[in-house]
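Visitor: I have a structure to look at and plenty of questions about the words people use for it. Could you walk me through them?

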Amino acid sequence: KGGGPGCPYPDERPSSIRRLFHSLTFWGLICDFIATTLAFIYEEFFHLLPPYALSSAPVIFGAVAGVALIVGTGGLIWIKAQSDPDPAGADAPGMDYVFLVTLGLAALTGMFTLALRESSAMGSLLVLHLACIAALFLTAPYGKFVHAVYRTLAVIRYEIEQRQPSMKVGH
């Protein structure tokens, strides 16, 4: 949060809109992980095969994840398109777009798969959705997706350094 009224992004006025879109994207990924884990538990431990009822936990968490990811990634793409590219460096925006577009497409195709699961298009949509998921994982090491790992490690290192006693000169 930075202790202020928000960052001046994409223009000069402080705003929390970027934080909102980041939060939607983050919590969408968390809900997606929960939905996938619950679907695994349903199938492997309860021997319930998909498709699950619309009122089931995997579908509810997956739907919340899909909406959050579509809005979050769409918003971040919109903000990024309006922002000054110079501070990020020459190559960074391209990989940022790859991650956001791939994540947004994975969410969008997942929602289409859910919405059209009773139709004859379900099989093709599922293949398209799984292809988007595969593309997301293939591009993950080269884009912002690893940001979560690096940021977590940086916060842990900072906390460790803050707890260490100061080194005195000459001792």
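Visitor: Which residues form one aromatic cluster here?

Guide: In this predicted model, the cluster is made of Tyr 42, Phe 46 and Tyr 52.

Visitor: Why is the pair of Tyr 42 and Tyr 52 called edge-to-face?

Guide: Their ring centres are 5.2 Å apart, with 80° between the planes. Rings pair when their centres lie within 6.5 Å, and planes over 60 degrees apart count as edge-to-face, so both conditions are met. Tyr 42 belongs to helix H1, while Tyr 52 sits in the loop between H1 and H2, 10 residues apart. Both tyrosines, Tyr 42 and Tyr 52, are buried.

Visitor: What makes Phe 45 exposed, and Phe 40 partly exposed?

Guide: Phe 45 has a relative accessible area of 56%, and exposed means over 50%, so Phe 45 is exposed. Phe 40 has 48%; partly exposed lies between 20% and 50%, so Phe 40 is partly exposed. Phe 40 and Phe 45 also form an edge-to-face pair, 6.0 Å centre to centre and 85° between the planes.

Visitor: Which residues make up the largest nonpolar core?

Guide: There are 9 residues in all, including Phe 21, Leu 76 and Leu 100. Helices H2 and H3 each supply at least two of the core's residues, and the largest share, 4 residues, comes from H3.

Visitor: What does Leu 76 touch, not counting residues up to four places away in sequence?

Guide: Leu 76 touches Arg 18, Phe 21, His 22, Thr 25 and Leu 100.

Definitions and conventions: Residues numbered from 1 in each chain as written. Predicted model: local features only at pLDDT ≥ 70, side-chain atom pairs only at ≥ 80, totals over all residues. Heavy atoms only, no water. Core = buried A, V, L, I, M, F, W, Y, C linked by side-chain atoms within 4.5 Å. Buried < 20%, exposed > 50% of the residue type's maximum accessible area, 1.4 Å probe, protein only. Contact = heavy atoms within 4.5 Å. Phe/Tyr/Trp six-rings, centres within 6.5 Å; stacked < 30°, edge-to-face > 60°.
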